[in-house]
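Visitor: Hey, got a minute to walk me through a model? I'd like to start with the overall picture and then poke at single residues.

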Amino acid sequence: MTIKIYHNPRCSKSRQTLALLQEKGCQPEVIEYLKTPPDLATVEQLLNKLGLSPRELMRKKEAVYKELNLDDSGHSRAELIQAMVKNPILIERPIVVADERAAIGRPPESVLDIL
């Protein structure tokens, strides 16, 4: 099984999720998504694997969410995804991908269901 974690080392939940994976014997590929932002296709894949809409994957308390008025229902799916590609800080974290399944590590234990 291939496991990846979209990780922000400054985030406590992300650090806890990574530690939990390692405690379970997993050595995931760590993708620091703020340094290496996912492209459009990757965000689409993540949304599909998570079964979420773009807005459900967004961190609504980020300043850029308000600055870009992303709460406006007039934004299309493509516009919301493009906002995440351009501003990866908007992407909820951490995201763990295990083959064709994915989960958000909030709480960290929620990722155990996909392993």
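Guide: Sure, here is a short chat about the fold, one residue inside it and a few backbone details.

Guide: This is a predicted model, where local features need pLDDT of at least 70, side-chain atom pairs count only at pLDDT 80 or more, and totals for chains, interfaces and linings use all residues. Residues are numbered from 1 along each chain as its sequence is written, and side-chain values use heavy atoms, with hydrogens and water left out.

Visitor: How many helices and strands are in the protein?

Guide: The protein has 4 helices and 4 strands, counted as DSSP runs (H or I, at least four residues, for helices; E, at least two, for strands) and numbered from the N terminus. Along the sequence they run β-α-β-α-α-α-β-β.

Visitor: What share of the 115 residues is buried?

Guide: Buried residues are 44% of the 115. Buried means under 20% relative accessible area, exposed over 50%, and partly exposed in between, with a 1.4 Å probe and protein chains only.

Visitor: Okay, T17. Which helix is T17 in?

Guide: T17 is in helix 1, residues 12-23. Its relative accessibility is 0%, so T17 counts as buried.

Visitor: What is T17 in contact with, leaving aside neighbours within four places in sequence?

Guide: With that exclusion, T17 touches I5, P94, V96, G105, P108 and V111; contact means heavy atoms within 4.5 Å. Also, a polar atom of the T17 side chain sits 2.8 Å from the backbone oxygen of K13.

Visitor: P94 is on that list. Where does P94 lie?

Guide: P94 is in the loop between helix 4 (77-86) and strand 3 (95-98). A cis peptide bond joins R93 to P94, with omega about -15°.

Visitor: What joins R106 and P107?

Guide: A cis peptide bond, with omega about 0°. P107 is in the segment after strand 4 (101-104).

Visitor: Now for phi. What is the phi of N69?

Guide: About 55°, so positive, although N69 is not a glycine. Most residues other than glycine have a negative phi, and most peptide bonds are trans. N69 is in the loop between helix 3 and helix 4, and at 43% relative accessibility N69 counts as partly exposed.

Visitor: And where does D99 lie?

Guide: D99 is in the loop between strand 3 and strand 4. D99 has a positive phi of about 55° and is not a glycine. At 38% relative accessibility, D99 counts as partly exposed.

How values were computed. A polar contact is a pair of N or O atoms within 3.5 Å; within protein, one must be able to donate a hydrogen and the other to accept it, and residues adjacent in sequence count only if both atoms are side-chain atoms.
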